[in-house]
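Colleague: I should like to learn how to read a structural model of this kind. May we take its features one at a time?

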Amino acid sequence: MTTWAEFNKTGTITKKKTAWDDFNSRMSKGAFEAEAYSQKSVEPVLFKNLREAGNTTTTINKNLEPEKTPGVLKTIGSSLLGATGDLFNQMFKNIRGTTQTLATPIAGTLALVPGGATPREAMKESLNMAKTVMMDKSVPFDIGVQTAAQQFLQKYSDPDPRGGYKPTIGNISALTALGVFNLLGDPLFEFGAGLRGAKALKEFATFKKVRQATKDLSEGTSFVKGTMREVEIKVSPDVKIKIQPKTNSITIKGYQRRVPSQKGLPEGKLAPETNEIIMNAREATGMDMTAQFKGDDLILQPTTPIKSVQPVAKGLVEGERTYKIIKQTGIEEVKGTPVKIVDGVDTFLHKDENGNWVVSEATTGRDLTNGGFDNSTFAIRAAKVNIENVGVDKFKKLIEEKQLTQPELQEKIDTAKNIYEKQKIKEPATKARIDYLEQQLKDTQPPEIKKSTLGLKVKQKAVEEDLITRFKNLPEYEVANMQEQAKLATDLINSDFEKAKRVAFGEEMPEGKLLPEAVFTAMEKLALRTKDITLVRQLAKSHTVEQATFMGQRIRALGERDPNNPVKIIQDIEKARAKKVGGKVKEKLTAEQKKIQHEIKMVKKSEVDLEDFIDEIKC
Amino acid sequence: MSFCLVKSKQEEFLRKIKSRDIDINKLVEMTSAERREEFIKVLGFDEDTAKEVNALFESKLLLKYQKTGIKNWIQKVGGLKEDVKRDLLSRVDRMEKVLSQADEKMFLNDLAEKRLGIGVSEEEAKQIFDLSQTVEEKKALIKDDSPIRSKERLDYGTAYVQFQDYVKELKLDAEKMTIMDYIKKPQEILYDIGGATKSFLSTLDNSFFGRQGIKMLYTNPDIWAKDFLKSWGDIGKELKGKDAMIPIKADIFSRPNALNNKYQLTGVDVGITSEEAFPSSLPEKIPLLGRVFKGAQSAFNGAALRLRADLADRYIKQAEELGIDTLNKEQAQGIGNIVNSMTGRGSIGKAEPLGKEINSLIFSIKFLKSNIDTLTLHLFDPKATSFTKKKAATNLLKIIGAIAGILTTSELLNPGSVEKDPRNTNFGRLKVGDRYIDISGGMTSLITLASRLVPTKHNGQWGLWQQSATGKFTNLTAGKYGQTTALDVFENFWEGKLSPMAGLVRDLWKGENYNREKVNIKNSIQGLTTPISAQQFQQFMKDRETTPKIILYMILESLGLGVSYKQ
């Protein structure tokens, strides 16, 4: 037993355990031990210790219940799927991260352009992003897109008190274009797009408005699909932009709720806001777009690369001038500013009587915007799209056909020359315009003058080439001098067209060395060049219906002919149709013609008709 | 009106009418000059007045008679469709002046042509002209170095295909048979029904790659694999209701070798409307199912065109690298013939003009010929050049090597599964379950036929030996009563190659069909209209095959790898 002295030495007061406590403790330990070894779900020593620490059996079992281990076969599928998913996810992230890292110097270089982030900031941002994407397992692979979108919104949109932002149409356009880039793959690594893609990306990297960016795609540019998954950019509580690589589309969810002006329009009509989004996305991405509505959502799909989009800002050249435009009421003079849309087409921007902005073609005075817009940028874009839709070459041909008169052209030349002379620094554009107008003037010389030139009706050279192709494998024509034949044939056409026709139709033999086949070939060339359908048909008939003639037989024996030659095709069809009729076609036709003539003869003619006629023509 | 007739002249005119000195019928019959003369002579008009009166007479009275007469003819004439009638009547209404002799000839000729259904109308001519111009314009935009399938090439190709389709449509329309035509040419009924039944039987699969095109798998596997994958996309497009053939043709016709006429010179069959297995498009017209038929047809035709164009491009390039002038017609045709034979379209030479008749008798004569040419190294091909023969030899080596490789592997994995004796029915086939799969596209059956019809030795005895699937040898020249003879073997071979219609005649003559059933209307119609793949499916079900085996056999069958009857 301890004494008080001993107790005092320790300096502490220890409550001595009672025998019952001791007993209870020992009994509990024994009981816990027994319980620990009798249960099977938790490791016995751990169970005993936990029990001794005051936990109840239920709590231990609940918290430490071992995971049920299902059979390997049952889990192998999901495990493999999970592992594959992780692998792919990391792979996507690595690719993104790598491209981001490699793009860092470019991002820095591009950031040298004034405004937005500094080169250092851009490079730092780029590297950070790359590091985050590759190293941080918790961030999604599209963190870059999400961050860029959010930073962009933060910079350019007003916050929405309900959460998110209040985006403007311009903001949505910019984000849509961002979506298109992501559909196309890592923008900097689009094959062929190269720096152009990077330039457009810089607009996002520095959070600039995409409408200032243009993308001139090189010929043969092809895009490689990026390692993309679906991305959703939350703009505001009611607007989201969804990038869907599977369907190659960008869906602006809830668009019509945000832009009610679109909702009120009939199907197929676009509100100016929608038009702006499409145009902006188109211009910024260099891709043509299709747009459709599904419920309140606007779905955009990039289709094919557009060619040579010129920066809008650079389109404006020189000052205001006077132009002529064609209206339903006649020709009017308007003040306009030259605007370059495509090379070789003289276009200008002006306002119409309603105050709408219109782009017209200068030499024809025709509106290219289908009625004008209240915004000049829209008008320029609409004109651009219209020209591209027609095709630049075809458009040039079309305006050639609708040229202004010669005096009007002359007036334009004089005005342009006047401007050119006054220019201190001679503008090549003005010179080019003068050349263009002068060429037009030359092209619109009266045809009488042209007729006097040998071979103008039909080009001798072209006839010669055709003759050589057609006769090259025909031995009987080997001796003929094709150059001479072409000259004789074109001479005949230009000097006596009716005779040439008769020769070509097989009704008359040519004189001298001239071969009828050469006349036929030249006449065919002329018909095609002048788009004379009647002559094409007559030539086709000259040796199907009239095949009994000597000329018909000779022309039928013509050698190789272009399989796309309309005369030949018409002949082939007529031949097929005649074959179906069977028998002697010519005789059947003559018989039918006689029937018609007979019917004409049979029409009752009365003296009353003649009297009426005289009555009609009397003074 | 600038001219008018003074009262005295008018009265004189009326008097002459009353006195019958002027006869309206005669005036109408006269030429312009004669009429003018008449006015001067009878009415005493001066030359100018006569001219003016005649002009007015022609524009007011004569034109009216001419128009009425033509309109009467249009109304009376039979065989004109309502829209054609309307068109002609409106043309007559548009006539503003009386027709001159030359114009009348042309105009009446036009009307007569319309009546007879010949000639090309102005609208059709314009359409042809416009389409040809578009083709030329698009062609001019293609730069020499433009890659194949570039936008400008495909634009041109599409315009070209649309143009060709329009022309083809007009031609086919001209050839369309009416009931009267069928009465006049009853043999056409047989050709048309024969064509339709062939199309019905060939459909519901993607068999070109395992049959006509299998030689390409062994010789040019890269092209085969690429085009095989594309064929599924073609089926998908057709099922969705899109035309899969336009992009295929647009690609082919816009390739450099199409534009420089080398395809045309080689005679490689890329311009044909349809392959011999699909002579008729009738099945396409069946509602809903038509799309499935069209899918199979496009996969088949598209495969043939693609493989042919791809191989032609390759061979033309190789020939040119060897210094061969591929613009030389003879050289080009040699290339074309081997390309065609490698893609199941052998040349039947002088029998080509009889193609329609032969096709109504034999299922795929050109395919058979292509196999013969391949096995005989084009030795009997009159247009084969040295290049053709060298290529043919290399190709045959590759084919034999590949098939031997497959069979050797099979034998190693499953000893006894390969029949090595060429006289055996199953020679050169791959054993899968209880059935044998033809992996040669029908070439081994030709070897077997040849091996049975030439003297060979069996157990030390020379003869024309045949070995059955069970391994039993028969001497075809033993002369025993009722036994199979060499002639029977030869006949059986050709009987198996008959077209569905000719096959029906064969069955009728034999008194039973392939299933040893008595021929009746029901099983005849079934046999003529049920696709081969569906017939095979029925057979597998009848043979109580297990589901996995049926699936396997059906996959093989639908890919053109013929599955034999149960052994």
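**Reading contacts, burial and charge pairs**

Modeller: Let us begin with a single residue: K67(B) is in contact with V92(B), D93(B) and M95(B), leaving aside residues up to four places away in sequence. Please bear in mind that this is a predicted model.

Colleague: In which helix is the place of K67(B)?

Modeller: K67(B) belongs to helix α4 of chain B, which covers residues 47–76. Its side chain reaches the backbone oxygen of D93(B) at 3.3 Å. Sequence separation and spatial separation should be read side by side: K67(B) and V98(B) stand 31 residues apart in sequence, with 8.8 Å between their C-alpha atoms.

Colleague: How should the interface between the two chains be described?

Modeller: The size of an interface is often given as the accessible area lost when the parts come together. Here, about 5,800 Å² is buried between chain B and chain A, and carbon and sulfur atoms give 65% of that area.

Colleague: How many residues does the contact take from chain B and from chain A?

Modeller: Chain B contributes 72 residues and chain A contributes 53 residues. Between the two chains there are 12 residue pairs in polar contact, both partners being at pLDDT 80 or more. On chain B, the side that touches chain A draws at least two residues from each of α1 (7–18), α2 (24–29), α4, α6 (101–116), α7 (122–140) and α8 (151–175). The largest share of that side, 14 residues, comes from α4(B).

Colleague: What is the general idea behind a salt bridge, and how many are counted between chain B and chain A?

Modeller: Side chains of opposite charge can pair when their charged atoms come close. Between chain B and chain A the count is eight salt bridges, while the structure holds 47 over all chains. One pair across the interface is K76(B) with E599(A), whose closest N and O atoms are 2.8 Å apart. The pair joins two chains, because K76(B) lies in helix α4 of chain B and E599(A) in helix α27 (residues 585–602) of chain A. Another pair is E592(A) with R115(B), where the closest N and O atoms are 3.4 Å apart.

Colleague: Is K76(B) buried or exposed? And is E599(A) buried or exposed?

Modeller: K76(B) has 61% relative accessibility, so it counts as exposed. E599(A) has 10% relative accessibility and therefore counts as buried. The cut-offs behind these readings are under 20% for buried and over 50% for exposed.

Colleague: Which salt bridge does R255(B) form within chain B?

Modeller: R255(B) pairs with D310(B), the closest N and O atoms being 2.7 Å apart. This pair links distant parts of the chain: R255(B) is in the loop between α13 (245–253) and α14 (256–259) of chain B, and D310(B) is in helix α16 of chain B, 55 residues apart. Both R255(B) and D310(B) are buried. They also take part in a network of salt bridges that links R149(B), K226(B), D227(B), D251(B), R255(B), D310(B) and D313(B).

Colleague: What joins the side chains of R435(B) and E545(B)?

Modeller: They meet in a salt bridge, at 2.9 Å from N to O. R435(B) is in strand β2 (residues 435–437) of chain B and E545(B) in the loop between α25 (532–542) and α26 (547–558) of chain B, so the pair, 110 residues apart, links distant parts of the chain. R435(B) and E545(B) are both buried.

Colleague: How should a polar residue such as N206(B) be read, and where is its place?

Modeller: N206(B) is in the loop between α10 (187–202) and α11 (214–219) of chain B. At 3% relative accessibility, N206(B) counts as buried. Its side chain makes a polar contact with the side chain of S231(B) at 2.9 Å. N206(B) also touches other residues, including F228(B), W232(B), A299(B) and L559(B).

Colleague: Which residues form a nonpolar patch on the surface?

Modeller: L204(B), L239(B), L289(B) and V292(B) form the patch, and together they have about 290 Å² of accessible area. L289(B) is in helix α16 (residues 289–321) of chain B. With 43% relative accessibility, L289(B) counts as partly exposed.

Colleague: Finally, how is chain A summarised as a whole?

Modeller: The secondary structure of chain A comes to 28 helices and 12 strands. Of its 619 residues, 41% count as buried. Chain A exposes about 34,100 Å², and carbon and sulfur atoms supply 55% of that area.

Technical notes
Residues numbered from 1 in each chain as written. Chains lettered and ligands numbered in written order. Predicted model: local features only at pLDDT ≥ 70, side-chain atom pairs only at ≥ 80, totals over all residues. Heavy atoms only, no water. Helix = DSSP H or I, 4+ residues; strand = E, 2+ residues; numbered from the N terminus. Contact = heavy atoms within 4.5 Å. Polar contact = N/O pair within 3.5 Å; in protein donor to acceptor, adjacent residues only side chain to side chain. Patch = residues over 30% accessible without salt bridge, like charges linked within 9 Å, V, L, I, M, F, W, Y side chains within 5 Å. Areas by Shrake-Rupley, 256 points an atom, 1.4 Å probe, with all protein chains shown as cover. Salt bridge = Lys/Arg side-chain N within 4 Å of Asp/Glu carboxyl O. Buried < 20%, exposed > 50% of the residue type's maximum accessible area, 1.4 Å probe, protein only. Buried area = accessible area lost by both parts, 1.4 Å probe.
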